[in-house]
Amino acid sequence: MSRKEHEDLRKVRNIGIMAHIDAGKTTTTERILYYTGRVHKMGEVHDGAATMDWMAQEQERGITITSAATCVSWKDNKINIIDTPGHVDFTIEVERSLRVLDGAVTLVCSVSGVEPQSETVWRQADKYGVPRIVFVNKMDRMGADFAEAVASLKEKLHANAIPVHWPIGAESEFKGMVDLITMRALFFHDETLGAEWEEGDIPEDLVEKCKEMRAALLEELATVDENDEDFMMKVLEDPASLTFEEINAAIRKGVCANKFNPVLCGSAFKNKGVQQLLDAIVNWLPSPLDRGEIKAHDLKTDKDIVIQPDDKSPFAALAFKIMTDPYVGRLTFIRIYSGILDKGMSVLNSTQDSKERISRLLEMHANKREEREAFYTGDIGACVGLKKVRTGDTLCSPERPLLLEKMEFPEPVISMAIEPKSKADREKLAVALGSLSEEDPTFRVTTNEETGQTIIAGMGELHLEILHDRMRREFNVEANVGKPQVSYKETITVPGKAQTKFVKQSGGRGQYAHVELEVEPNERGKGVEIVNKIVGGTIPKEYINPTIKGIEEGLTTGVLAGFNIVDIKVSIVFGSYHDVDSSEMAFKICGSMAIKDAVTKCRMILLEPIMKVDVTTPEAHMGDVIGDLNRRRGQIMGQENHKGVVIIHAEVPLSEMFGYSTQLRSLTSGRGTYVMEPKHFAPVPKNKQEEITKKGG
């Protein structure tokens, strides 16, 4: 691809499509690929033939698991699209995609409105300040209600959701929509798969409603930019004089400033409204230039700086996804924030302080690929040849070491033992686990030192089930897995200290290290903090890092039941060394021993993962469902009624949620559904703690 196409960064859009399960994300992406000429036949999710859902598990289950990347062009604009999963076990896929996107399309189902998982992704987008437009999908479905869907956006997401479309008909009578900017009606031809539509006058019964909605849209736009007095005066005095371009520019300004969420409508499955959505993406969502300067940390000067999104700026990119490809091996997906990346270039991974060379650059289209000579500012692509890079690492030029803002990943909440079925599978299992944990930062692999078992941990039962399935299919590994177990954590409740010496004399050179630690409880959820308070070189500089490494290792197995120790502040306050016998290894061992020694004096408790659970049930079964949640040590946080259905919001310990789907089905005659996601960790009740520590986890 020539440089010319990149000269106008204003025409690049990096967007994601996000929503609850089954809101139609993948179907919408398929339609976008079709209308932009990327595919010549539309794949359907329910046939297991969607282009973007290319993994076997995705096609079988009809759900999206990994966020696939693709690139299309529409009216001279280049759009990089990341299709993200809706299932809560794969929230990390959404989170890491949002970190590198400039804008997002939120899909909402016209029948069910905003659902619990939509709230989760909306909050994640708020966290990264990602501008959003909304597409109310499935207008052809029984029970479709556009006004109700818009109301749920305002009520549940506190979104400033303002319609720019108004539907013509609903359910089987859905014909098209009125464009409130041009005040023209768009009628779609079913026989041309929605590729053709005709403009016409607004149906008489909708004229008044559309005038009212257009006035509300213009009023809202008048408040977006208080400095634009011309626009405000026109809205107040002569709204008819406003041109299409002026309204478009005001909407764009509002969307880019995150003050406004325009709402469109359509039916992706029936091919109605997809081209209008594409127009909205290029007209209103921001380019890398609109998103503005990027915050970074200059490692040479140790100062925070800002970089302009420009090819002439120093090269800075973020690795947001690692994938093992059967044909080219390890693929690293990156977003380039500034500068140019050429094929064959050596880059510095400033997060891990290691240099690597990029052998190939690939532009991805779902699981197909196109070779590229270079990537420019604003591009999203894949690199081959990076062996050590992990998700969230910064890549930059060795001459100008920079660090971009880090990505944060939640702690796994569920674990299970895994073992190979035969000797031949042992080596393959190690390779598979290594690859999968590189791809997915929420998937952890550890070894239980006492039993020698390999333990895998993740975000939920489905998460581990899918990973087990992938081992079998992609890596040909046959393995037995144990029952899912809750990943508890351990923490301290009072401060303590320890003075530990590690001395070994066995002929020849000995080992000597002496470390004194002070520990105190950290705020809940703050994690582990290790502070070096050594003064006067009582422990030389070169031994501090090994000591910290030893402490970190010691914290991975707690003294109560062998779980990770979290929410603790450790200070290295004193120590001593021997000129001949001290070594890095001695201090590492001593650090590990000292932390174990210190925490035993600190009244330790177990923490358990508490899940945010949203149960949707018919009103008739509400009492039974609430009673059952209470029996599971659940706390009811609130409920809402919606068309004869009640959504119950609760917080329940994960240990009480195993087998819940079967129980819920029997309580609600098969009509109840639920979603859950990790909320926080909380102390385990005393009687329960004794039970767990007896088992040793």
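Start by selecting E608, a residue of strand β35. Is E608 buried or exposed? With a relative accessibility of 2%, below the 20% cut-off, E608 counts as buried. Bear in mind as you look around that this is a predicted model.

Now show what surrounds E608. Setting aside neighbours within four places in sequence, E608 is in contact with a list of residues that includes Y488, R633, P653 and S655. The run H680, F681, A682, P683, V684 and P685 belongs to the contacts of E608 too.

**Zoom out for a moment**

Colour the chain by secondary structure, and you will have 17 helices and 38 strands on screen. Of the 697 residues in the chain, 56% are buried. If you draw contacts with a separation of 6 or more, 72% of them join residues 24 or more positions apart. Switch on the surface as well: the accessible area of the chain is about 30,400 Å², and carbon and sulfur atoms account for 49% of that.

**Salt bridges**

Side chains of opposite charge can pair when their charged atoms come close. How many salt bridges are there here? The count is 32.

Select D102 and R335 to see one of them, with the closest N and O atoms 3.0 Å apart. This pair links distant parts of the chain, since D102 sits in the loop between α3 (91-100) and β4 (103-109) while R335 is in strand β15 (residues 329-338), 233 residues apart. D102 counts as buried, at 3% relative accessibility. R335 counts as buried too, with a relative accessibility of 3%.

Keep R335 selected and add Y337. R335 lies over the face of Y337, 4.6 Å from the ring centre. For another arginine placed over a ring, go to R132, which lies over the face of W122 at 4.3 Å from the ring centre.

Next, pick K270 and D140. These two form a salt bridge in which the closest N and O atoms are 3.4 Å apart. K270 lies in the loop between β11 (261-265) and α9 (274-284), and D140 in the loop between β5 (132-137) and α5 (146-157), so the pair ties together parts that are 130 residues apart in sequence. K270 is partly exposed, with 39% relative accessible area.

Then move to R372 and E363, whose side chains meet in a salt bridge at 2.5 Å, N to O. R372 and E363 are both buried. Extend the selection to K78 and D379, and you have a network of salt bridges that links K78, E363, R372 and D379.

**Aromatic pairs**

A search of the whole structure turns up six aromatic pairs. Select Y660 and Y674 for one of them: the ring centres are 4.9 Å apart and the planes are at 80°, so this pair is edge-to-face. Which parts of the chain do these tyrosines tie together? Y660 is in helix α16 (residues 660-667) and Y674 in strand β38 (residues 673-683), so the pair ties together parts that are 14 residues apart in sequence. Y660 counts as buried, at 0% relative accessibility, whereas Y674 counts as partly exposed, at 26%.

**A nonpolar patch on the surface**

Turn to M585, I589 and M593. They form a nonpolar patch on the surface, with about 250 Å² of accessible area together. M585 lies in helix α14. At 49% relative accessibility, M585 counts as partly exposed rather than exposed, because the exposed class starts over 50%.

**Two positive phi angles**

For the last stops, show the backbone. What is the phi of D76? It is near 70°, a positive value in a residue other than glycine. D76 sits in the loop between β2 (68-74) and β3 (77-83). D76 counts as exposed, at 66% relative accessibility.

Finish at R603, which has a positive phi of about 40° although it is not a glycine. R603 is in the loop between α14 (584-599) and β35 (604-618). At 59% relative accessibility, R603 counts as exposed. From R603 you can step back into strand β35, where the tour began with E608.

Technical notes
Residues are numbered from 1 along each chain as its sequence is written. Side-chain values use heavy atoms; hydrogens and water are left out. Helices (H or I, at least four residues) and strands (E, at least two) are DSSP runs, numbered from the N terminus. Buried means under 20% relative accessible area, exposed over 50%, partly exposed in between (1.4 Å probe, protein chains only). Rings of Phe, Tyr and Trp (its six-membered ring) pair if their centres lie within 6.5 Å; planes under 30 degrees apart count as stacked, over 60 as edge-to-face and the rest as tilted. A charge sits over a ring if NZ of Lys or CZ of Arg is within 6 Å of the ring centre and within 35 degrees of the ring normal. Patches are made of residues with over 30% relative accessible area and no salt bridge: like charges are joined within 9 Å, nonpolar side chains (Val, Leu, Ile, Met, Phe, Trp, Tyr) within 5 Å. Accessible areas come from the Shrake-Rupley method with a 1.4 Å probe; for residues, only the protein chains shown count as cover. A salt bridge is a side-chain nitrogen of Lys or Arg within 4 Å of a carboxyl oxygen of Asp or Glu. Contact means heavy atoms within 4.5 Å.
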